[in-house]
Amino acid sequence: MSAVRTGGRLLADQIALHGCKLAFCVPGESYLALLDGMLDHRDEVRLVTCRHEAAAANAAEATGKLTGRPGVCMVTRGPGAAHAAVGVHTARQDSTPLLLFVGQVARRHRGREAFQEIDCEQVFGSIAKSVFEIDEADRIPEIVASAFALATGGRQGPVVVSLPEDVLFEHSDATDAEPFTPHEPIAGRREIEELRLMLDAAERPFVLAGGGPWDAEACAQLTSWARACQLPVGASFRRQDVVDNTLDCYAGDVGLGVNPRLAERIRTADLLIAVGPRLTEIETQGYTLLRAPAPEQALVHVHPDPRELGRVYQPRLGIVSSVSSFAASAADMSVTGDRWSGWTREARADYEAWSGHPPESATVFGVDLGEVVAALRAELPDDAILCNGAGNYTVWLHRFFRYRRWGTQLAPQSGAMGYGIPASLAAQLLNPGRTVVALAGDGCFQMSGQELATMVQERLPIIVIVANNRMLATIRMHQERRFPGRVIGTDLVNPDFAALARAHGLHGERVEQAGEFSPALARARAAGGPALIEVLSDPEALTPAASLSEARAPGEAAMARR
Ligand SMILES: Cc1ncc(C[n+]2csc(CCOP(=O)(O)OP(=O)(O)O)c2C)c(N)n1
Ligand SMILES: [Mg+2]
């Protein structure tokens, strides 16, 4: 279309024509004309108002994770942009396509430190893939098309677009862009053949899958390759849904609190095929599983962005390819797995021994989180989406839950607290018929708990589970290990979470004793609307494997056990 439009309307038209169906915002007077433009697209683009910009940005990030296309977030200048920064950071670390539109001071006031002025380039320059400021309404179609393309090209990530207020009111007769199409790097035949030869020579191959963007088809192709060649597949940190965890080829995730036997397996593999992930501090367990820069394992690294190949680790074979293109090519590869089928069976046995059943509860008080995850595993449908933030409570989830399908895990590789609840908004809005569960610790919950109001307003039947141990256990754990007995800053005095939920209009209840969680889950699922279950858990149970007293005095606790 080409007609005279305000910048705000022109921008809203571009957002819609590039295929955005869901956007999150906290309104601001700095971008009224964009909001007004969105009104004319209200039937195509659902605009959800969050209570806090951090939540809006996280929800948009989760939209990007689930769809592989940029999630869209709109916020006001200084305070709004500062709040939204956490979502930009997560999009960066998790390689998620995200567009953050920031209302900005008028052009003529720039540089005066006008009211709430923020220099987006300075603030976001080191975490966004790119930062634009639109100087004239005529260039809106070009810059927005560029932002969509940049966010999705190569390694996906966040792009920030700053919108001077007067540009949004300026009139323009610019012509619309064409809808953007993401470009996909394709795995070359020669590289696939080279990989086949490397596999032919391998004794102990291991596949580490992660990164993205994945989709159901690519995951199915990766799985069929792994099964045909009897390859063990591990998932990178918080990408546990790339392979059905119940299959024999699945060997567990290389995240925080990794199975030590899995870590050892990767260390001793002779061929490591990384399909999609960046090889970060987490996947390499503090850069110890692989030697930098030249790993002992023959490293094959598949990544859509050439800048990630050799960034820390020099691959023996680097393949610049989308995970989908690689998986499609690999699915046709036939290599006999006879030599390593025993190795793959052992990898699976290690996983099952590690994650089969939560250990016997040592808790004397409240509900063991092992019981909670066991109930979720047994009772949720295979396509339920589980969302979480950061904290020790996630260790139970990541270790004992079985992810069955792609798109069922929304969790921040950035380790950001407060992520799970906003992510659950996106998950439920995009998948109205599916079960969505958000898990949060008491600390984590209180970073985005205000979004219970958004759940009610948008009628989203999300089930929120708050694991309440009345402390920031992750930090307390580190504190006890490094400074035994010197506790500071990690105790929490909390509200009554169930009552807080009820005050928002959710079904809310608290479980305090073993055996109570499963019936509470059934009641929450039957509630027909958003529900919150507060689970009182024992502060003594730091992780499935560590207790508070042991962290404080490892020797003494071991003596006491004898
Ligand atoms: C936004 C943010 N702030 C601080 C941290 C550091 N941090 C990591 S885990 C954690 C405690 C989480 O507490 P809670 O949600 O209660 O979970 P718990 O560890 O008690 O199970 C903190 C403060 C973080 N990861 N993210
Ligand atoms: Mg806690």
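These notebook entries record what I looked up in a predicted model.

**Entry 1: nonpolar cores**

I began with the largest nonpolar core, which holds 81 residues. Within this core, Phe24, Phe124, Leu376 and Phe517 touch the most other members. I then asked which element supplies the largest share of this core. Helix α3, residues 53–67, does so with seven residues.

I took Phe517 for a contact list, leaving aside its neighbours within four places in sequence. The remaining contacts of Phe517 are Glu371, Val372, Ala375, Leu376, Ile465, Val511, Ile533 and Val535. I also noted a second core, separate from the largest one, with 57 residues. Among its members are Leu199, Ala263, Ile319 and Met333. As background, I recorded that nonpolar side chains tend to be buried together in soluble globular proteins.

**Entry 2: the magnesium site**

Which atoms coordinate the magnesium ion (ligand 2)? I found Asp442 through OD, Asn469 through OD1 and Met471 through its O atom, at 2.1 Å. The spacing of these donor residues in sequence reads D-x26-N-x1-M.

I next checked two of the donor residues for burial. Asn469 has 12% relative accessibility and therefore counts as buried, the cut-off being under 20%. Met471 also counts as buried, because its relative accessibility is 3%.

**Entry 3: the largest pocket**

I read the space in the largest pocket as about 900 Å³. Its lining comprises 41 residues, of which Phe237, Leu256, Glu281, Ile282 and Gln413 are the closest to the pocket centre. By class, I recorded 16 nonpolar, 15 polar and 10 charged residues in this lining.

I then turned to the helices in the lining of the largest pocket. At least two residues each come from α4 (78–94), α14 (393–400) and α18 (473–482). The helix α18 gives the most, with four residues.

**Entry 4: cavities**

How many cavities of 30 Å³ or more does the model contain? The count comes to five. The largest cavity holds about 220 Å³ of space. Of the 20 residues lining this cavity, I listed Lys65, Gly211, Trp214, Arg239 and Trp406 as the closest to its centre.

The lining of the largest cavity divides into seven nonpolar, nine polar and four charged residues. Both α3 and β16 (409–410) supply at least two of the lining residues. The largest share, three residues, comes from α3. I cross-referenced this with Entry 1, where α3 also supplies the largest share of the largest nonpolar core.

**Entry 5: two loop residues**

I located Leu309 in the loop between β13 (298–303) and β14 (317–320). Is Leu309 buried or exposed? Leu309 is buried, because its relative accessible area is 18% and the limit for burial is under 20%. Leaving aside neighbours within four places in sequence, I found Leu309 in contact with His301, His303, Pro315, Gly318, Ile319 and Val320. One of these, Ile319, appears in the second core of Entry 1. For scale, I also took the separation of Leu309 from Lys65: 244 residues in sequence, and 22 Å in space from C-alpha to C-alpha.

My other loop residue was Asp338, which lies between α11 (323–331) and α12 (341–355). Asp338 has a relative accessible area of 59% and is therefore exposed, given a threshold of over 50%. I recorded its separation from Pro461 as 123 residues in sequence and 48 Å in space, again C-alpha to C-alpha.

Note on methods:
Residues numbered from 1 in each chain as written. Chains lettered and ligands numbered in written order. Predicted model: local features only at pLDDT ≥ 70, side-chain atom pairs only at ≥ 80, totals over all residues. Heavy atoms only, no water. Core = buried A, V, L, I, M, F, W, Y, C linked by side-chain atoms within 4.5 Å. Buried < 20%, exposed > 50% of the residue type's maximum accessible area, 1.4 Å probe, protein only. Contact = heavy atoms within 4.5 Å. Donors = N, O, S within 2.8 Å, 3.2 Å for Na, K, Ca; no water. 1 Å grid on protein atoms, 1.4 Å probe; cavity = no way out; pocket = protein on both sides within 12 Å on 5 of 7 lines; lining within 4 Å. Points joined across faces, edges and corners; volume = space filled by probe spheres on them. Nonpolar A, V, L, I, M, F, W, Y, C, P; charged D, E, K, R; others polar.
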